[in-house]
Amino acid sequence: PKLLRSLAGRTPLQQDGILRLCVPAMEHLQHKTPAQMKAIFSFDDRESPIREVLMEFLFFYLLLPYGELNPKSTPPGLSVNQVARVTGGDHTIGPDSLEKVKLVIIKLLTCEVFGEEEVFCHLLVGAADPRHSVSDSGTHKLKQFATSVNWENPTIIARLFHLCQGTVAIPGKRPRSQTQPQQVDPRDRVSPTGLRMRLLVLPYFLKSTLAANSFPSCVQVVFDCLFGPVTNNKLRSQALYFVHHICTRAQEQKLSLMAPVLLTGLNKITNQLAEEQSLRVLAYTGIGLLAKRAPTMFKKDTAHLTKLFDALKEESNQDILLAVQECLSMVGQAYKSVVGTQALIVEALLLENICSENSQSRLAAVHYAQVVFPFSHIPSRFVCMLACGDSKDEVKEEGRKGLRLHVKRPEETQSVNQQPPDFVSMVKYFHNRCKLSMQSGGQYKTDVGTLPYPPPVLSGAIQFLRACLSASACVTEEQKLTNQMLPSIAEYLSALEEEQVVSYMDILKHALKPAGSSELHSVAMQALLEAAAASLNVVVPQLLASVELQWVKGFTRSSSPDTRQAASRLLAILAVHTDRGKCLELAKQTLEDTTSDNYSTQHGAVVSLGHLVGSCLGQLGPGCHDVGSNGSMESMETSDTEMIVVIRKAIRRLSELCSVA
């Protein structure tokens, strides 16, 4: 103790000489208790310079390697001058003696003479020691002291970085002062520590926000651990966790500087370390976290997005696939509301992947269609339509969600962002897609015909087109609840050009082909009925010019009750607007069908007959109810007389059926 207190007022060379006498002698204090050590080495406030010199010397001593030192090489964590300070030129310190001295040093550091933060780095060096006795002692004490350390202390964080990096010469960096040269003396250049030390240091960086903001040191440490000459997979994993920490805790200004460099390193991991699956999982997660904090960098370059979609097709490991999916979900926000050329590239990417054989690619595509683009964006809604016919339930459900085919919440209907595309534009886009599909042979082929797309796709598309029609016609929620939508839809359709209405009718007629399913026929027939009922002057003439009544009547025999109901009402509307002879013939046929043994045929005929009778009575006028009772039928036209006869028969038949029921 007297030798240590004589350090005050001495030159650095004299202090080093005294310490070289004192520290090796500590080997003989190994049996002292912590209380005895505290009594021997206690320092008052006036002796703080001695305390600092001693702590620095002990730190260098703990870094000394075992065995004979090579004068031509620098031990990890030390410089040539630091080695000379500790050894005094004697490079033959016995390994066993050095081990005993290190154990005593650790005991001294933890006997409450020094503060926790003062000795933390010393204990960390001890925990990384290759001798088990020193390592165990350092690790045990380190766990006790680590909980009380302030991880935002700049001195501790700087020292930890210095342990990992050693002396770093940054090209082009100006000196801090006129007295501090830019170039470091080679004898003062500290070499970085080895693998064991870095494995211990990196987990403590994860506790510190300051470490995440220590640019450029944090980036240099990451790259040294990932791609340096002395590393392994465990250290790379720790480095990638540190990247996650940087992405979440770094300040935006500093992260904007680090992001391009970090992204380069993460991409290098995913590209070059194909066999290291755990590292690639962490790298993909890091890319996603980086995209959340630095979205502008990703938004400028869609190549990152293309690479991730390609990874979904190429990766076979399930853990990596999950990581890529998670990464894509985080990266999606970076491309939200993308415009211009970038938007076109993303659209093409989604359209390509929604048709991929890989289900994960399809799921990601339909998810991006919802996240990246607004609800009014037409190509992305088409992607959702295609997803409605997917073989995977999760993709199909995501597609229906993207079309808002579920019941909307009040906040959704009031939001401007939730408005669907313009009806005319959406019809034009989908109609062109259907034509292109049919020109290429169609995507859904059966023995009875071909459809442009599978029935679930057409069904979802038609339901969405009806939603677009209601929105474009400014149908209110109150009108929907009271079933008063037709006036608004009629006004809107009457203002459209004939070609625009014809395109909508073509889509519905495609869906009503025999190749379609009963569910598709039901959806399409209801849409056709809505359009015809709303616009008698526009839609009905076009339908009568393009389809036969018998074609509509065929759907009254459908196995679907909803299809029969809609077809029956549409048949009645078309019948009263066609030639009286055709209407009469249709009524007779329908009356005969009421005697059919087939339930679907009989039910469709009954419903059709009811609607037809009502429509005809409305057309003939109120006087027709009393015709025949006073002989006034002679003054009417023959066709009207025949119609009244058929109507009376129909009414009697309906009465009979009702009485039986």
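This report walks through the fold, the core, the cysteines and the aromatic rings of one protein model.

## What you're looking at

The model is predicted: local features need a pLDDT of at least 70, side-chain atom pairs count only at pLDDT 80 or more, and totals for chains, interfaces and linings use all residues. Residues are numbered from 1 along each chain as its sequence is written, and side-chain values use heavy atoms, with hydrogens and water left out.

The average pLDDT (the predictor's confidence in each residue, from 0 to 100) is 83, and 84% of the residues score at least 70. Residues 171-181 stay under 50, and so do residues 411-416.

## The overall build

Helices (DSSP runs of H or I, at least four residues) and strands (runs of E, at least two) are numbered from the N terminus. The protein has 35 helices and 2 strands. Of its 661 residues, 49% are buried; that label means under 20% relative accessible area, with exposed over 50% and partly exposed in between (1.4 Å probe, protein chains only).

## The big core

Here, a nonpolar core is a set of buried Ala, Val, Leu, Ile, Met, Phe, Trp, Tyr and Cys residues joined through side-chain atoms within 4.5 Å. The largest one has 195 residues, and Phe120 and Leu160 have the most contacts inside it. Helix H4 (residues 48-63) gives this core its largest share, 11 residues.

Take a look around Phe120. Leaving out residues up to four places away in sequence, Phe120 touches Leu142, Ala146, Val149, Trp151, Ile156, Leu160 and Tyr204 (a contact means heavy atoms within 4.5 Å).

## Cysteines on their own

Hunting for disulfides (pairs of cysteine sulfur atoms within 2.5 Å) through the whole structure turns up 0. Cys384, for one, has its nearest cysteine sulfur, that of Cys388, 7.3 Å away. Cys384 is buried, at 0% relative accessible area.

## Rings that meet

Rings of Phe, Tyr and Trp (its six-membered ring) pair if their centres lie within 6.5 Å; planes under 30 degrees apart are stacked, over 60 edge-to-face, and the rest tilted. There are 17 aromatic pairs in the structure. In one of them, Phe382 and Tyr453 meet edge-to-face, 5.9 Å centre to centre with 70 degrees between the planes. This pair links distant parts of the chain: Phe382 sits in helix H21, while Tyr453 lies in the loop between strand S2 and helix H25, 71 residues apart. Phe382 is buried at 2% relative accessibility, and Tyr453 is buried at 4%.

Phe382 and Tyr453 also belong to one aromatic cluster with Tyr429 and Phe430.
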